[in-house]
Amino acid sequence: MRMSLLFAPTLKEDPQEAEIVSHRLMLRAGFIRQLSAGVYTFLPLGWRTIEKIIRIVREEMDRAGGQEIFMPAMQPAELWKETGRWDLYGPELIRFQDRRGRDFCLGPTHEEVITDLARREIRSYRQLPLLLYQIQTKFRDEIRPRFGVMRAREFLMKDLYSFDRDMDGLQVSYQKMYEAYCRVFSRCGLEYIAVPAESGVIGGDVSHEFLIIAESGEERVFVCSRCGGATTSEVARCPRCGIPMEEKRGIEVGHIFQLGTKYSEPMKAYFVDRDGKEKPLIMGCYGIGIGRTMAAAIEANHDERGICWPFSLAPYEVVVIPVNIKKERHREEAWSVYEELSQAGFEVILDDREESAGYKFTEADLIGFPIHIIIGEKIERSGMLEIKLRRSNERIEVRRAEVREFLERIRKELVK
RNA sequence: CGGGGCGUAGCGCAGCCUGGUUAGCGCACACGGUUCGGGACCGUGGUGUCGGCCGUUCAAAUCGGCUCGCCCCGACCA
């Protein structure tokens, strides 16, 4: 992609409405724009990062045996009345009527819809276990949307639902998801922690929250450095190891629940077990906030100049910056590096704009491309160009001919 | 919903308290020129329902009332 063609409107100054870092940087770097309180448009760079998160999530859900489906956002009130949540959910549920006056809502979550599907289609224990998931827009009329896409009223979520014949099966599904979540967040290049949690409106008995560790996180967690045990309630010492717990802060990006029969009973989602008896499906549900993961990634990975994307989430991996586009040598080398790396499978941006070098450097830092290739005078003098690693600010001079090999080595390191 | 703050050019702001000719500044934008290794410089130019409505007044961005929107703190959440 050429920078001159990219729709990435950056902001020189901090927008007044944005208080926290991730929100400020997403606006400034041209990743998102706000339409209304808690309602956002993702611009090309922002959407690329979202798609990278989605890809990782999808691969890990599939690997864990999940099958992707797509459920409606528009849901009839009757289903919600069956579980009692039409009244329980309160004003956070966005309700409306169709032209015939029938009540509907915009799904804030999909237990009702999936359970309805399950009760219609699952007859026998032979169909179990079953893991179904979707990546879809959720609607919650939050009392107070804030922090940009961190708590939005319309947001992308991956929600997976497990169906098992008994509690043992649920334990297996739950464990699989737990591990899948760990893989998702480590592949995103994020430091995370899983803590036992309260279940809230979704209900159920056992649940774990997944938190991205970031100083600006709203949640306090206490972590044992020896066994990795973590809790949200304040305890001085690790019960297992007896050593002092370390306090950290985190942002909740995922939550997994063992639901049991909370939805299958009231909605009469039964199957016939091997013994010929009809039993309620044993369910679990597992959510990941896609946009929130993006925001949390920025909270955890930025400096005073801008975003420092983990390699796996960066909208583009490499930016090629000719210091002076009007100099033929800079321009031609930049184009040739750009083409060579693109062909080698890198996601590359060529900053072909007639801007000053400083302007391009500053913007590249702001957007947070992990690797910057700077083509300037050195190319004329010695055939060298400069590779800068955004996060460490490390600068390495590399011969033109060795660039590709060098980057392939870096990529290997950054991805693992 | 309770508490606090803010709406003036695309963005960031000044002006408002103490009403008075053409409503300013920086950035951005357009054109020309000089620049080009850390958000360059000079010149020229365009840009405004002063969030909206009602009122007070000879006169309202400025005073009063209502209203809409946005942000921050609290309960809730992915």
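This passage describes a five-stranded sheet, the surroundings of RNA strand B and two single residues in a predicted model.

The sheet is open, and its five strands follow the order S20-S19-S21-S22-S23 with mixed pairing. Strand S20 (348-350) and strand S23 (395-399) stand at the edges; each has a single partner strand, so one side of each lacks a neighbour in the sheet. From one strand to the next, the twist averages 25°. Strands of a sheet pair through backbone hydrogen bonds, and the pairing may be parallel or antiparallel. Both kinds appear here, as the following pairs show.

Strands S19 and S21 run parallel and are joined by five bridges. Within this pair, valine 319 stands opposite histidine 372 in S21. On its other side in the strand order, S21 is followed by S22. Strand S21 (residues 371-375) and strand S22 (residues 384-389) run antiparallel, with four bridges between them. Isoleucine 374 stands opposite glutamate 386 in S22, and the bridge partner of histidine 372 in S22 is lysine 388. Histidine 372 is thus placed opposite valine 319 and is also bridged to lysine 388. Strands S22 and S23 are also antiparallel, and five bridges join them. In this pair, methionine 384 stands opposite arginine 399 in S23. The hairpin of S22 and S23 has five residues between the strands, and asparagine 393 in this hairpin takes a positive phi near 65°.

In a regular strand the side chains alternate between the two faces of the sheet. In S21, Ile371, Ile373 and Ile375 lie on one side and His372 and Ile374 on the other, and all are buried. Strand S21 is accordingly mostly covered, with five of its five residues buried. Strand S22 is also mostly covered, and six of its six residues are buried. Met384, Glu386 and Lys388 point one way from S22, whereas Leu385, Ile387 and Leu389 point the other way. The buried residues of S22 thus include the charged residues Glu386 and Lys388. Helix H8 (residues 328-343) lies across strand S19 (318-322), S20, S21 and S22, and runs at about 165° to S20.

RNA strand B is surrounded by 54 residues, of which the closest are Lys12, Arg144, Tyr359, Asp365 and Arg395. By class, this surface has 18 nonpolar, 13 polar and 23 charged residues. Several elements each supply at least two residues of the surface: strand S1 (32-36), strand S8 (154-164), strand S13 (246-260), strand S16 (282-289), helix H9 (357-367), helix H10 (377-382) and S22. The largest share, eight residues, comes from H9. Strand S22 therefore belongs both to the sheet and to the elements that supply the surface near RNA strand B.

Of the atoms of RNA strand B within 4 Å of the protein, 47% belong to sugar or phosphate and the rest to bases. Polar side-chain atoms lie close to both kinds of group, as three residues illustrate. An N or O atom in the side chain of glutamine 16 is 3.1 Å from a phosphate oxygen of RNA strand B. A polar side-chain atom of arginine 395 lies 2.5 Å from a base oxygen, and one of lysine 378 lies 3.5 Å from a base nitrogen.

Lysine 378 lies in helix H10. Its relative accessibility is 24%, so lysine 378 counts as partly exposed; the cut-off for buried is under 20%. Apart from residues up to four places away in sequence, lysine 378 touches Gly383, Met384, Glu386 and Glu397. Of these, Met384 and Glu386 point one way from S22, together with Lys388. Lysine 378 and arginine 28 are 350 residues apart in sequence, and their C-alpha atoms are 31 Å apart in space.

Serine 124 lies in the loop between helix H5 (111-121) and strand S7 (130-139). The side chain of serine 124 reaches the backbone nitrogen of arginine 126 at 2.8 Å. Leaving aside residues up to four places away in sequence, serine 124 touches Phe271 and Val272.

Definitions and conventions:
Residues numbered from 1 in each chain as written. Chains lettered and ligands numbered in written order. Predicted model: local features only at pLDDT ≥ 70, side-chain atom pairs only at ≥ 80, totals over all residues. Heavy atoms only, no water. Pairing = 2+ DSSP bridges. Axes fitted to C-alpha atoms, helices over the stretch in contact; angles between N-to-C directions. Contact = heavy atoms within 4.5 Å. Near = heavy atom within 4 Å. Polar contact = N/O pair within 3.5 Å; in protein donor to acceptor, adjacent residues only side chain to side chain. Buried < 20%, exposed > 50% of the residue type's maximum accessible area, 1.4 Å probe, protein only.
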